[in-house]
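Trainee: I would like a close look at a single part of this structure, and then at what surrounds it. Please go slowly and give the grounds for each step.

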Amino acid sequence: MTLDEIRQAIDTDPSNAAWAKRGVGALFVADPAARIVIIGQAPGQKAEASGIPWDDASGAKLMLWLGVTEDQFRDPALFAILPMDFYYPGKGTSGDLPPRKDFALRWHPLIVGQLSGIRLTLLVGKYAQDQYLVGRGKRNLTETVRAFREYLPDVFPVVHPSPLNFRWQARNPWFETDLVPALRTSVADAIE
């Protein structure tokens, strides 16, 4: 299947009918030339409305961590963006609902198989890390992210850049002092 055929299959799959009925298509970016794939949780409400992944404060923070401009970040030849679910899951009691558990298992292998230029996989948050680091992740997200060097050069785990994570970042100053510079280096090496 081509990427266009995969997108069409996702958009017409019965499990996505509620979004299709509202005119919402699968929100992901994939190009065979992409150098970095960003795997996060699921699009937020703002991203769903605009049709642009990471179109919010979390996206601005992620670009800052990566050390890239918005033009670079939006260039599909540099960055593929594959959320764990390509549709906004809705609001829960304490934030957005989690991505559907079976979604990434079903669709990611088809898409990733088309991304022949990937040099770095960025795993943003617990859902992505749990899916992609099976048997390799640490006891919790903090320990996995702190051990980022163990996953290099191919994989880089980070926390979600949500403004709601400010307490986590305050408790873990090593993230800004140690991880972010290493992340910028890995990204620069992957897109050169």
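Where is the place of P153 in this structure?

Mentor: Keep in mind that this is a predicted model. P153 sits in the loop between α8 and β6. The peptide bond between L152 and P153 is cis, with an omega of about 10°.

D154 belongs to that loop as well, the one between α8 and β6 (155-158). Is D154 buried, partly exposed or exposed? Its relative accessibility is 47%, so D154 counts as partly exposed; the class of partly exposed residues lies between 20% and 50%. Leaving out residues up to four places away in sequence, D154 touches R119, L120 and T121. A further distance can be given for D154: its C-alpha atom is 14 Å from that of R184, a residue 30 places apart from it along the chain.

On one side of the loop is helix α8, which covers residues 141-146 and contains T144. T144 has 4% relative accessibility and therefore counts as buried. Residues up to four places away in sequence aside, the contacts of T144 are Q129, L133, G137, K138, Y151 and P157.

Now follow L120, one of the residues that D154 touches. L120 is in strand β5, where I36 stands opposite L120. This leads to strand β1, which pairs with β5 (residues 120-124) in the parallel sense over four bridges. β1 also runs parallel to β2 (residues 79-83), and five bridges join these two strands. On that side, I36 stands opposite F79.

How enclosed is β1? Five of the five residues in this strand (residues 36-40) are buried, so the rest of the structure largely encloses β1. The burial holds for both faces: I36, I38 and G40 are buried on one side, and V37 and I39 are buried on the other.

Two other places deserve a look. S58 lies in helix α4, residues 57-66. Its relative accessible area is 7%, which is why S58 is called buried, the cut-off being under 20%. Apart from neighbours within four places in sequence, S58 is in contact with H160, P161, S162 and P163. The loop between α3 (45-50) and α4 holds W54. W54 is not a glycine, yet its phi is positive, at about 60°. With 12% relative accessibility, W54 counts as buried.

Last, a pair of helices. Two packed helices are described by the angle between their axes and by the distance between those axes. For α1 (residues 3-12) and α6 (residues 103-112), the angle is about 165° and the axes are 10 Å apart. That angle makes α1 roughly antiparallel to α6, since the cut-off for this term is over 145 degrees. The crossing of α1 past α6 is right-handed. On α1, the contact is made by L3, I6, A9 and I10, and on α6 by F103, W107, L110 and I111. Sorted by type, the residues of this contact are eight nonpolar, no polar and no charged.

To return to the request: P153 is in the loop between α8 and β6, and the bond that joins L152 to P153 is cis.

Methods:
Residues numbered from 1 in each chain as written. Predicted model: local features only at pLDDT ≥ 70, side-chain atom pairs only at ≥ 80, totals over all residues. Heavy atoms only, no water. Axes fitted to C-alpha atoms, helices over the stretch in contact; angles between N-to-C directions. Parallel < 35°, antiparallel > 145°, perpendicular 65-115°, else oblique. Left-handed = near helix turned anticlockwise from the far one by under 90°. Contact = heavy atoms within 4.5 Å. Nonpolar A, V, L, I, M, F, W, Y, C, P; charged D, E, K, R; others polar. Buried < 20%, exposed > 50% of the residue type's maximum accessible area, 1.4 Å probe, protein only. Pairing = 2+ DSSP bridges.
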